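Biologist: I would like to learn how to read burial, strand pairing and core packing from a model. Where do we begin?

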Amino acid sequence: MSRLSDGDVDRPASRTPSVDRAHPSGHHELISADGIRLSAVHRPENARDLAFVVAHGFTGSWRRPKVAAVMATLHGLGGVVGFDFRGHGASGGRSTLGDREVLDLDAAVAWARDLGYRRVATIGFSMGGSVVVRHAALHGGVDAVVSVSAPSRWYYRGTPPMRRLHHAIDHPVGRLVVRTALRTRVASENWNPIPEAPRDLAGRISPVPLLVVHGDRDAYFPLDHAEQLFAAARDPKELWIEPGLGHAENAVAPELVARIGAWVVRGVR
């Protein structure tokens with residue numbers, strides 16, 4: 001996907017102090033390092049020991065029922081921070097499809113730390129799965145990383161859904177449809193420079209534990225994406241190939257989310 005990136009995005013920016021500005025509707029406003037306003041929510045855990053930061057997929061939002069269900073299941077194991085990536089939901093800006101989104105995730109992680117959580121794990125789905133890998137490699141500051149249904153490389157058009165997606169985001173009419181129908185605003189500019197792909201950065205995450213989860217019925221990204229991520233990473237790492245699982249947060253069952261959460265709890269002890 002050829003999207004916006006003006007400057008050296010792959011050089012880690014300094015962590016931005018989190019802005020916790022509460023709104024009457026119950027959500028909070030964070031500011032990314034490049035000045036994008038982000039809608040976020042916190043489901044607290046009294047001990048403030050472990051927080052899960054949930055990164056949704058393209059066209060998602062923390063308000064979407066499937067994302068909310070993931071957050072609800074994880075809330076049984078710790079605090080949860082959800083947020084809308086730039087260009088999504090109630091956040092400002094425009095989506096760069098995994099490039100500058102690392103700054104959005106960094107703001108959410110910083111907020112979790114500001115809230116007093118001692119350990120923070122990031123869990124991302126699809127686009128969010130690529131972002132958690134890139135963020136852990138470029139910015140760090142997390143204690144465990146889970147990447148679900150994520151691409152390992154850019155520009156993939158090998159499945160019908162990905163060909164349709166590229167056709168939409170690469171044309172003005174397609175971006176208009178995505179904006180009006182799915183409430184997702186996509187940047188029109190091409191990436192410059194092209195950011196490092198998840199598989200090129202996965203090796204930098206260690207010694208933070210990485211879990212790669214992928215379904216054998218994923219219609220967007222075949223299993224070789226998960227296998228490439230896993231092969232590129234260093235220990236500690238695990239790969240779960242889930243029989244019958246489709247794509248991302250829309251396909252995960254509470255049982256799988258609970259298993260992922262339990263893996264995180266074990267990994268950060």
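Modeller: With one residue. This is a predicted model, and in it Ala108 has a relative accessibility of 0%. Buried means under 20%, so Ala108 counts as buried.

Biologist: In which element does Ala108 lie, and with which residues is Ala108 in contact beyond its neighbours within four places in sequence?

Modeller: Ala108 belongs to helix α2, residues 101–114. Apart from those neighbours, Ala108 contacts Leu30, Val53, Val81 and Phe83. Sequence separation can also be set against distance in space: His42 is 66 residues away from Ala108 in sequence, with 9.9 Å between the C-alpha atoms.

Biologist: How many residues does the largest nonpolar core have?

Modeller: A nonpolar core joins buried residues of certain types through side-chain atoms within 4.5 Å. Here the largest one has 50 residues, and Val53, Phe58, Phe83, Val145 and Ile205 have the most contacts inside it. Elements that each supply at least two residues of this core include β4, β5, β6, α3 and β10. The biggest contribution to this core, eight residues, is from α2. There is also a second, separate core of 28 residues, with Leu50, Val67, Phe125 and Trp240 among them.

Biologist: With which residues is Ile205 in contact, leaving aside neighbours within four places in sequence?

Modeller: Ile205 touches Val133, Ala136, Ala137, Val145 and Leu210.

Biologist: Now take a whole strand. How many residues of strand β10 are buried?

Modeller: For a strand, count the buried residues and then check each face. In β10, residues 210–215, six of the six residues are buried, so the strand is largely enclosed by the rest of the structure. Leu210, Val212 and His214 are buried on one side, and Leu211, Val213 and Gly215 on the other.

Biologist: Which strands pair with β10, and in what sense?

Modeller: Pairing is read from bridges. Strand β8, residues 144–148, runs parallel to β10 over four bridges, with Val145 opposite Leu210. Strand β11, residues 237–242, is also parallel to β10, joined by six bridges; there Trp240 is the bridge partner of Val213. Together with helix α7, β10 and β11 form a right-handed β-α-β unit.

Biologist: One polar residue to finish: is Ser130 buried or exposed?

Modeller: Ser130, in helix α3, has 1% relative accessibility and therefore counts as buried. For a polar side chain, look next for a polar partner. The Ser130 side chain reaches the backbone oxygen of Met127 at 2.6 Å. Beyond neighbours within four places in sequence, the contacts of Ser130 include Gly98, Ser147 and Trp154.

Terms used
Residues are numbered from 1 along each chain as its sequence is written. This is a predicted model: local features need pLDDT of at least 70, side-chain atom pairs count only at pLDDT 80 or more; totals for chains, interfaces and linings use all residues. Side-chain values use heavy atoms; hydrogens and water are left out. Buried means under 20% relative accessible area, exposed over 50%, partly exposed in between (1.4 Å probe, protein chains only). A polar contact is a pair of N or O atoms within 3.5 Å; within protein, one must be able to donate a hydrogen and the other to accept it, and residues adjacent in sequence count only if both atoms are side-chain atoms. Contact means heavy atoms within 4.5 Å. Two strands pair if DSSP finds at least two bridges between them. A crossover is right-handed if, with the strands pointing away from the viewer, the path from the first strand over the helix to the second runs clockwise.
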